[in-house]
Amino acid sequence: WVPKGTFAMGCRTPAINGAASQAKARLVTELIEDALEEYSNDAVLTGLEYTVYSDIKGIYLYVSGYND
């Protein structure tokens, strides 16, 4: 049995309510993904998963994987 950990973080804001704001939020999520890519390549190979996404309520980060 291997324990699995999960971490979720969100930044909820009413500022992402128009098309221009949603495009900027998407750009921020892509920048975050690019920044995490350097650190996550080895971690992904060992079972770590992460997701960064945005919607009309904000920007979110979910990380899950094995806690060894």
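Start with one pair of residues: Tyr50 has Val63, in strand E3, as its bridge partner. That pair is a small piece of a predicted model, and it leads into the sheet.

Tyr50 belongs to a strand that runs over residues 49–55, E2. E3 covers residues 58–66. The two strands run antiparallel, and 7 bridges join them. Another of their pairs is Ser54 with Ile59. How many residues does the hairpin from E2 to E3 pass through? The link takes 2 residues.

E3 has a second partner. Strand E1 is joined to E3 by 9 bridges, and these two strands also run antiparallel. Here Gly10 finds its bridge partner in Tyr60 of E3.

Now put the strands together. They make an open sheet of 3 strands in the order E1-E3-E2, with antiparallel pairing. Why is one side of E1 and of E2 left without a neighbour in the sheet? E1 (4–12) and E2 (49–55) stand at the edges, and each has a single partner strand, so one side of each has no neighbour there. Neighbouring strands are turned against each other by 10 degrees on average, with direction ignored.

Next, step back to the whole chain. It holds 1 helix and 3 strands. Read from the N terminus, the elements run β-α-β-β. The order along the chain and the order in the sheet are two separate things to follow: the chain gives β-α-β-β, while the sheet gives E1-E3-E2.

The helix is H1, residues 19–45. Where does H1 lie? H1 lies across E2 and E3. Its direction is at about 180 degrees to E2.

Val52 gives a view of this region. This residue is found in strand E2. Is Val52 buried or exposed? Its relative accessibility is 5%, and buried means under 20%, so Val52 counts as buried. Leaving aside neighbours within four places in sequence, Val52 is in contact with Thr29, Ile32, Glu33, Leu36, Tyr60 and Leu61. Thr29, Ile32, Glu33 and Leu36 are among these contacts, and H1 spans residues 19–45. Tyr60 and Leu61 are also among them, and E3 spans residues 58–66. Ser21 makes another reference point: its C-alpha atom and that of Val52 are separated by 17 Å. Along the chain these two residues are 31 residues apart.

Ser64 shows another part of the sheet. It lies in strand E3. With 16% relative accessibility, Ser64 counts as buried. Not counting residues up to four places away in sequence, Ser64 touches Lys4, Gly5, Thr6, Gly47, Leu48 and Glu49. Lys4, Gly5 and Thr6 are among those it touches, and E1 covers 4–12. Glu49 is another, and E2 covers 49–55.

Asn17 makes a contrast. It is found in the loop between E1 and H1. Its relative accessible area is 62%, and exposed means over 50%, so Asn17 is exposed. How far apart are the C-alpha atoms of Asn17 and Lys57? They are separated by 7.9 Å, although the residues are 40 residues apart along the chain.

Contacts over such sequence distances can be counted for the chain. Take contacts between residues at least 6 apart in sequence: 59% of them join residues at least 24 apart.

What about overall shape? The C-alpha trace spans about 45 × 20 × 10 Å along its principal axes. The radius of gyration is 14 Å, whereas a compact globule of 68 residues would have one near 11 Å. Buried residues make up 18% of the 68 residues. The accessible surface comes to about 5200 Å². Carbon and sulfur atoms hold 58% of that surface.

Finally, consider confidence. The mean pLDDT of the chain is 85. In 93% of its residues the value reaches 70 or more. Which elements have the lowest and highest mean pLDDT? H1 has the lowest, at 87, and E2 has the highest, at 90.

Conventions. Residues are numbered from 1 along each chain as its sequence is written. This is a predicted model: local features need pLDDT of at least 70, side-chain atom pairs count only at pLDDT 80 or more; totals for chains, interfaces and linings use all residues. Side-chain values use heavy atoms; hydrogens and water are left out. Two strands pair if DSSP finds at least two bridges between them. Helices (H or I, at least four residues) and strands (E, at least two) are DSSP runs, numbered from the N terminus. Axes are lines fitted to C-alpha atoms, for helices over the stretch in contact, and angles run from 0 to 180 degrees between N-to-C directions. Contact means heavy atoms within 4.5 Å. Buried means under 20% relative accessible area, exposed over 50%, partly exposed in between (1.4 Å probe, protein chains only). The radius of gyration is taken over C-alpha atoms; the globule rule is 2.2 Å times the number of residues to the power 0.38. Accessible areas come from the Shrake-Rupley method with a 1.4 Å probe; for residues, only the protein chains shown count as cover. pLDDT is the predictor's confidence in each residue, from 0 to 100.
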